[in-house]
Amino acid sequence: MAYGGIDERKIEEIVSRVLERLGGSVTSAPARGGAGPIEAPKSKANVPRGTNGVYQDADSAAKAARRAFEQNERAPIATRVKMVENMRKAVLANNDALSRYAVEETGLGRYEDKLSKNKLVAEKTPGCEILRTVAMTGDNGLMLTERAPYGVMLAITPTTNPTETILNNAIGMVAAGNAVVFNTHPSAAQVCNWCVHLLNEAIQSAGGPRDVITSVERPTIESANALMKHPLVRIVVVTGGPAVVKQAMNSGKKAITAGPGNPPAVVDETANLEKGADAIVRGASLDNNIVCIAEKEVIAVAAIADRLIEQLKRKPVLWLEQRQVRELERVILEGDHVNKNWVGKDAGLIAKAMGIGGHGHDLRLIMCEVDEQHPFVQHELLMPVLPLFRVRDAAEAIAAAVRVEHGFHHTATMQSTNIDNMSAMARVCNCSIFVKNDASYAGLGLGGEGYTSFTIASPTGEGMTTAVHFTRERRCTLKEAFRFV
Ligand code: NAD
């Protein structure tokens, strides 16, 4: 096809020359999926080996993704829509195995909760429909704004929501017309590679090219850093703790960073305590509290604190006496730091390590009362341990919530029926997600309104990321035409 005298081949030649200058001509490289001999994974989890889109090294994964992007650019929008639809179906069809393998490989979280999280992502991650063309007309003619892909995106993903983040990022990035290279967490690499494999199969069955989604078979910090600097990678999206956020900010590329949180749950004197206790336990125990948005400490107004504790004790919660708090410290802290061995483990196992037997998988949380400065409050524990501290009134509770959230601006919740208190906290907590009168996960759209995202970018300000954030805005102006009224 020719555009004003320049044909498509000419355009491709120009693109190739520019890419060569950038450090990697890929247009004419042979398509090669699966990347040669890959050693069988060694792990106690017997995860199927992912090969479709899985590459041995970062450079091959980036080049394959670039080839796929170039092929995909010519695909009709209807194909892109079908690709996304098939990706959703692939995860729903394999949800049972993906959830089981994720728990087995990472040793974190709860199978039944991973089922809900994967289902949520498959069903409520926005696709192509969220990308809207904007048209403005006037005496001067027409202006159109469309959302264009970047090209190859890098996504660095966590161990805590391994397949959820892959699917969520992949849907948004592919819906936006990009290709993506995943550098996953080393402790979740097998299940993530298999997820990448399934998503590629889904894309190909919709008529899309191979390698729209690629991954590094054995990801490391070095491969992450190599990809952040790779000339074919246009934009870096990271979901993880403070170290990777900092690294992405220093990459010299545009970065979308989703970092840690420490979500407070405020309960004021007007709250419905029965409902509030139920919401807090559901939210804080989701996937053994490894989810970044999950309630990490309860701040109770003194007038209702004892009654709230009574309600919490009616739930599948082990409430500790003061003397038992020391035992819990001994198990889950190393000095002032979190003992990472207990991250994401069942509450029943933590109780057993404290010398409290008789609790199985049904126990959702261990709770206790401490003061604001206690390490259980100050640290993002990422385990089913939820401290509570009391304060004089709602104003003090809101101020304490801001303090213990440490300026992450991530997530906060409140149980209240007082509109003034809710408005005040909404204003000052300044978080990407603020949930009132339900579990924190309502803010992800799980039992709450709205779409979902598993990359909640607070440091760079995008909040609940979607395909929109994975596009560039481009404008076309036409003078003196197409204003037809
Ligand atoms: P992590 O920071 O250990 O790892 C996340 C990813 O970053 C992994 O792929 C890891 O290999 C990589 N990584 C870590 N340090 C790096 C470095 N210096 N350079 C390059 N890459 C690096 O986090 P995790 O344990 O997998 O996940 C838990 C953390 O992520 C928690 O702090 C949680 O709050 C946060 N998180 C945030 C969101 C969000 O949407 N904001 C979502 C999930 C998890």
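In what order do the six strands of the open sheet lie? Start with that sheet and the rest of the model gets easier to read. The order is β3-β8-β7-β6-β9-β10, and the pairing is parallel. Keep in mind as you look around that this is a predicted model.

Now find the borders of that sheet. β3 (54-55) and β10 (254-258) are the edge strands, and each of them pairs on one side only. For a look inside the sheet, try strand β7 (residues 179-183) and strand β8 (residues 213-216), which pair in the parallel sense over three bridges. You can even pick out one of the matching spots: V181 has T214 in β8 as its bridge partner.

Let's zoom out for a moment. The protein has 485 residues, and 57% of them count as buried. Its secondary structure adds up to 16 helices and 22 strands, so don't worry about learning every label. Along the principal axes, the C-alpha trace spans about 80 × 65 × 40 Å. What radius of gyration does the protein have, and what would a compact globule with 485 residues have? The protein comes in at 24 Å, and the globule would be near 23 Å, which agrees.

Next, move to another group of strands, β11, β12, β17 and β16. You can walk across them one pairing at a time. Begin at strand β11 (residues 264-267), where P264 and V266 point one way while A265 and V267 point the other way. All of these residues are buried. β11 runs parallel to β12, and four bridges join the two. One spot to look for is V266, whose bridge partner in β12 is I299.

From strand β12 (residues 297-301), step over to β17: these two pair in the parallel sense over four bridges. Here V301 has V391 in β17 as its bridge partner. Then carry on to strand β16 (residues 365-369), which is joined to β17 by four bridges, with the two running parallel. This time look for I366, which stands opposite V385 in β17.

So why is strand β17 (residues 385-391) described as largely enclosed by the rest of the structure? The reason is that six of its seven residues are buried. To count as buried, a residue needs a relative accessible area under 20%.

Time to visit the ligand. There are 29 residues around it, and T157, T159, G241, E380 and I456 come nearest. Let's take some of these in turn. E380 has a polar side-chain atom 2.5 Å from an oxygen atom of the ligand. With I456, look at the backbone instead: one of its N or O atoms lies 2.7 Å from a ligand oxygen atom. G241 also uses a backbone N or O atom, which lies 2.8 Å from an oxygen atom of the ligand. How much of the ligand's accessible area does the protein cover? On its own the ligand has 840 Å², and the protein covers 88% of that.

Which elements give two or more residues to the shell around the ligand? They are α8 (221-229) and α9 (242-249). If you sort the shell by class, you get twelve nonpolar, 16 polar and one charged residues.

Finally, here are a few single residues to hunt down. D287 sits in the loop between α10 (273-285) and β12, the strand you met in the walk above. Its phi is near 50°, a positive value in a residue other than glycine. Is D287 buried or exposed? D287 counts as buried because its relative accessibility is 0%.

N437 is another residue other than glycine with a positive phi, near 65°. You'll find N437 in the loop between β19 (433-436) and β20 (456-457). N437 has a relative accessible area of 41%, so it is partly exposed.

Last stop: P375, in helix α14 (residues 375-378). With a relative accessible area of 18%, P375 is buried; remember that the cut-off is under 20%. From P375 you can also look across to G276, which is 99 residues apart from it in sequence and 24 Å apart in space, C-alpha to C-alpha.

Terms used: Residues numbered from 1 in each chain as written. Predicted model: local features only at pLDDT ≥ 70, side-chain atom pairs only at ≥ 80, totals over all residues. Heavy atoms only, no water. Near = heavy atom within 4 Å. Polar contact = N/O pair within 3.5 Å; in protein donor to acceptor, adjacent residues only side chain to side chain. Areas by Shrake-Rupley, 256 points an atom, 1.4 Å probe, with all protein chains shown as cover. Nonpolar A, V, L, I, M, F, W, Y, C, P; charged D, E, K, R; others polar. Buried < 20%, exposed > 50% of the residue type's maximum accessible area, 1.4 Å probe, protein only. Pairing = 2+ DSSP bridges. Rg over C-alpha atoms; globule rule 2.2 N^0.38 Å.
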